[in-house]
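The following questions ask how certain terms are justified for a structure. Please consider each one with the sequence and model in view.

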Amino acid sequence: MMEWAKKYGKVFSVRMGPETVILLQGYEAVRDAFSRKSAIFSGRPHVPTFDFMNDRGLLVLEYGSAFTAQKNFTMQYIAHANNEKHVNGEVDALLRYIREQRVDERKVAWGEFSDILNEMLVEHKTTYRKDRTRGLIDAFVHKITEKENGGQNLFTEADLLPSLLTLYFTGSDTVSLTLSWGMLFLLHHPAVCKRIQDELDREVGKSRRPTLVDRQNLPYTTAALMEVQRLNFIAPISGPHKVRRTVNFRGYTIPEGTTVLANQWSIMMDEEKWPNPQQFDPSRFLDEFGNVKKNVAWIPFSVGKRSCPGEVLARQEIFLMLTALLQAFSFRSPDGEALPECVGKTGSLYVCPDFNVCAVPRF
Ligand code: HEM
């Protein structure tokens, strides 16, 4: 695709089966469409894989007032929830597993998960009280009841299960793959790993776990995690967007209903934005004083109205998980085992290759 972009420019179309699809290359084209003309480029075409969601849940919901209300609600809920407490529960389980090889049996198949969620919903609804919020389900039910009290029909009973399934579906593999890629990059770059550990030892010490408040004192660690997200490409191509009305874009007329895809890979590998883009180099996110330096092209969560509502949570999870692991252990490949190259398998997500790792307690 990047080769095609050299020949055809930052905006070109390809025929995919019966459909003509527009491909956007590079940060500026994606920003212009998804952010500056967001209201036009934020439709969602029909994706048959998600038919079981009945056109509900943020990922598939068409752009409009219900989408906006539900997206704002989700982002506000995530921003105010005690994510740190929940993630720390997961970190405890992982550290226990590594230290004692004790597995918490929590793996469930997708179908079973849906059944479990359904049971939770029934349980929550029967014990629901207007004056308390035990979690996301209660918060969503409050919204449904508000509507019954005369508001608009933006949150319905029918939205509840698809919304929960969507958050589970979009929020689990994305984060766990990022953590796997992070570990693989760090194994390939022991000097980076050592620098993170030195920073953690200096700023946090060994008597307590890193917390979200520590992030401001850990610029190198923050930069390394940003570099992991720049290079891991877990979402190399954006989800499909739909043009909601005919638009003139960068000299082309794009008809209403056309599907548009952003090549995220082309953004993160743009040599003008990132010198030596293939190289894993956290220092590209640091200024001369060692503070974190932003780069507008760092958009692993995309931009605009269809950008990721889970960004805050995902970044918290990645930070808490990886720093807890690096504080507690040094990691290396098992003797005699070669580390796989940082080349993944492409699907809807870019999947990290399997590898084994030895965790050696640091204290
Ligand atoms: C490292 C982790 C993650 C990455 C890199 C990521 C990336 C993305 C990207 C690039 C999109 C935009 C796709 C598009 O253009 O249509 C997206 C959408 C979405 N993400 Fe994430 N995501 C992550 C974690 C999460 C988490 C933890 C949640 C939920 C708690 C989540 C929920 C969603 C949802 C619901 C959408 C659809 C939004 C919409 O259609 O408006 N994501 N994500």
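**The cavity and the ligand shell**

In this predicted model, the largest cavity holds about 80 Å³ of space.

Q: Why is the space of about 80 Å³ called a cavity?
A: A cavity is a set of points where a 1.4 Å probe fits but cannot get out, so the term applies to an enclosed space rather than to an open pocket. By this rule, the count is one cavity of 30 Å³ or more.

Q: What makes L58, Q70 and F73 part of the lining of the largest cavity?
A: Lining residues have an atom within 4 Å of a point. L58, Q70 and F73 are among those that line the largest cavity, as are S163 and T166. Four residues of the lining, the largest share, come from α8.

Q: How is the lining of the largest cavity divided by residue class?
A: Six of its residues are nonpolar, four are polar and none is charged.

Q: How do you know that R44 makes a polar contact with the ligand?
A: A polar contact is a pair of N or O atoms within 3.5 Å. A polar side-chain atom of R44 lies 2.8 Å from an oxygen atom of the ligand, so the pair satisfies the cut-off.

Q: What makes the pair formed by L58 and the ligand a polar contact?
A: A polar backbone atom of L58 is 3.4 Å from an oxygen atom of the ligand. The limit is 3.5 Å, therefore this pair also qualifies.

Q: Which helix gives the most to the shell around the ligand?
A: The helix is α8, with four residues.

Note on methods:
Residues numbered from 1 in each chain as written. Predicted model: local features only at pLDDT ≥ 70, side-chain atom pairs only at ≥ 80, totals over all residues. Heavy atoms only, no water. Polar contact = N/O pair within 3.5 Å; in protein donor to acceptor, adjacent residues only side chain to side chain. Helix = DSSP H or I, 4+ residues; strand = E, 2+ residues; numbered from the N terminus. 1 Å grid on protein atoms, 1.4 Å probe; cavity = no way out; pocket = protein on both sides within 12 Å on 5 of 7 lines; lining within 4 Å. Points joined across faces, edges and corners; volume = space filled by probe spheres on them. Nonpolar A, V, L, I, M, F, W, Y, C, P; charged D, E, K, R; others polar.
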